[in-house]
Amino acid sequence: MPYPFQLGFQDATSPIMEELLHFHDHTLMIVFLISSLVLYIISLMLTTKLTHTSTMDAQEVETIWTILPAIILVLIALPSLRILYMMDEINNPSLTVKTMGHQWYWSYEYTDYEDLNFDSYMVPTQELKPGELRLLEVDNRVVLPMEMTIRMLISSEDVLHSWAVPSLGLKTDAIPGRLNQTTLMGTRPGLYYGQCSEICGSNHSFMPIVLELVPLTYFEKWSATML
C-alpha cells in the first residue's frame, strides 16, 4: 500500500515489478546525469566569456554530441525492450482467472474450476470495519496462490475499464469485444490493492481491486469452500 507523501513506487511484489523498478532507477540516473551536465554548461555560459576558438568550430565536438545521445538511447531502449518481452511472455500458467469489467464492479471466474465465480463490489463507507481502507475494500477478494504463474484474461461488458495493481506491475485495459491477457506471480503473501485506471464513467473511482495472495494449501481450502 502507498503511504501519505510517498515519493517512490510501492514495494515490488512480483519479478516484473522488480525489473520495472530497476529500469526506472537506471533511466532516472541517466536523466540526472544529463540534467547535471546541461545545468553545468548553462552556468558556465552565464558566468564566463566564450572566447576559446578551438570549440567554436570543432568537428570532434559535433561528432561527440551526435553519437553520445544515440548511445544513451540504446542504453535506455535495450532494457526497456527486454522488460516488454518479459511482460508479454506466458509460459504454462498454473491457473487462469477471467476478469470482466462492469459499470461499476468486477466479476471474476476461475476457468479451471467448474463453478467458481463471483462479483466484487466496493464496500460502502458506512459498512467498513475497523482497519479497513475506504474506497479500496471489496466484499469478495480475489484469492490467488503465491509463487505460481497465473494468467489473467481481461475484458469488459459495457465500456472501457482498466485492471491495474501497482505493486504487481499490472495494468491491462478491459475492452468490450476483446480479450486481453496478462500474467502475474506474487513472491510473498498479503493483500494488494488496485483500482480501475480508465475513466469509465461517474463511478470510475469506485471499482477497487483486492488480491489476496496466499500459500497453495490455503488456496485449495478456500476454493473447496467456494464450490
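## Exercises on salt bridges and a surface patch

At a relative accessibility of 31%, glutamate 109 counts as partly exposed, because that term covers values between buried (under 20% relative accessible area) and exposed (over 50%), found with a 1.4 Å probe and protein chains only. The model is predicted, so local features need pLDDT of at least 70 and side-chain atom pairs count only at pLDDT 80 or more, while totals for chains, interfaces and linings use all residues. Residues are numbered from 1 along each chain as its sequence is written, and side-chain values use heavy atoms, with hydrogens and water left out.

**Exercise 1.** Find the partner of glutamate 109 in a salt bridge, and say which strands the two residues lie in.

*Solution.* Begin with the definition: a salt bridge is a side-chain nitrogen of Lys or Arg within 4 Å of a carboxyl oxygen of Asp or Glu. The side chain of glutamate 109 meets that of lysine 98, with 3.3 Å from N to O. Next, place the pair: lysine 98 belongs to strand S1 (residues 95–102) and glutamate 109 to strand S2 (residues 105–110), so the bridge ties together parts that are 11 residues apart in sequence. Strands here are DSSP runs of E with at least two residues, and helices are runs of H or I with at least four, numbered from the N terminus. Finally, lysine 98 is partly exposed, with a relative accessible area of 27%.

**Exercise 2.** Work out which parts of the chain are linked by the salt bridge between arginine 82 and glutamate 19.

*Solution.* First, the distance from N to O in this salt bridge is 3.0 Å. Second, arginine 82 sits in helix H2 and glutamate 19 in helix H1, so that the pair, 63 residues apart, links distant parts of the chain. Third, arginine 82 is partly exposed at a relative accessible area of 44%, and glutamate 19 is also partly exposed, at 22%.

**Exercise 3.** Decide whether glutamate 137, which meets arginine 141 in a salt bridge, is buried or exposed.

*Solution.* The two side chains meet at 3.4 Å, N to O. Glutamate 137 has a relative accessible area of 3% and is therefore buried, whereas arginine 141, at 27%, is partly exposed. A search of the whole structure finds three salt bridges.

**Exercise 4.** Describe leucine 44 by its helix and its accessibility.

*Solution.* Leucine 44 lies in helix H1, which covers residues 15–47. Its relative accessibility is 32%, and leucine 44 therefore counts as partly exposed.
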